[in-house]
Amino acid sequence: MTGLDKPLFRIAGNEVETLIPDPAQKIWFMHIPKTAGSSFNAFLRRCYPQAVYAPHLERVPKEIRESVTDTKSCISGHLPWYEIKTLVE
């Protein structure tokens, strides 16, 4: 036993301050399978309006990904780093 069998602090999800997006700041989330990415995407959907949030970029045809990344400020997807890198350069 480590002595930490009880939480040090408990907070309800609705008590967490909502992220206030800065439209000038781009956010890229590299969704790695089995790392709570779906929960993080759900959080982003609550914080960003649909007009600026693009989840699952891997589902967008490669030919139009660049135009999507130019118009959205919050982007998420199961893309390897080398593909993300080409879109942000």
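In what order do the elements of the chain run from the N terminus on? In this predicted model, the order is β-α-β-α-β-α, which amounts to three helices and three strands. The radius of gyration of the chain is 16 Å, whereas the globule rule gives 12 Å for 89 residues; the chain is therefore more spread out than a compact globule. The C-alpha trace spans about 55 × 30 × 20 Å along its principal axes.

Several totals describe the chain as a whole. Of its 89 residues, 27% count as buried. The accessible surface comes to about 6900 Å², and carbon and sulfur atoms account for 58% of that surface. Among contacts between residues at least 6 apart in sequence, 44% join residues at least 24 apart. The chain carries 11 positive and 10 negative charges, and the mean positions of these two groups are 7 Å apart.

The aromatic rings deserve attention next. A search of the whole structure finds two aromatic pairs. One of them is formed by phenylalanine 29 and phenylalanine 40; this pair is tilted, with 4.7 Å centre to centre and 55° between the planes. Because phenylalanine 29 lies in strand β1 (residues 27–30) and phenylalanine 40 in helix α1 (residues 37–47), the pair ties together parts that are eleven residues apart in sequence.

Phenylalanine 40 also pairs with phenylalanine 43: the ring centres are 5.9 Å apart and the planes stand at 35°, so this pair is tilted. Both residues lie in helix α1, three residues apart, about one turn of the helix. Phe29, Phe40 and Phe43 thus appear as one aromatic cluster. Within this cluster, phenylalanine 29 is buried, because its relative accessible area of 17% falls under the 20% limit. Phenylalanine 40, at 34%, and phenylalanine 43, at 26%, count as partly exposed.

Methods: Residues are numbered from 1 along each chain as its sequence is written. This is a predicted model: local features need pLDDT of at least 70, side-chain atom pairs count only at pLDDT 80 or more; totals for chains, interfaces and linings use all residues. Side-chain values use heavy atoms; hydrogens and water are left out. Helices (H or I, at least four residues) and strands (E, at least two) are DSSP runs, numbered from the N terminus. The radius of gyration is taken over C-alpha atoms; the globule rule is 2.2 Å times the number of residues to the power 0.38. Buried means under 20% relative accessible area, exposed over 50%, partly exposed in between (1.4 Å probe, protein chains only). Contact means heavy atoms within 4.5 Å. Accessible areas come from the Shrake-Rupley method with a 1.4 Å probe; for residues, only the protein chains shown count as cover. Lys and Arg count as positive and Asp and Glu as negative; His and the chain ends are not counted. The place of a charge is taken as NZ of Lys, CZ of Arg, CG of Asp or CD of Glu. Rings of Phe, Tyr and Trp (its six-membered ring) pair if their centres lie within 6.5 Å; planes under 30 degrees apart count as stacked, over 60 as edge-to-face and the rest as tilted.
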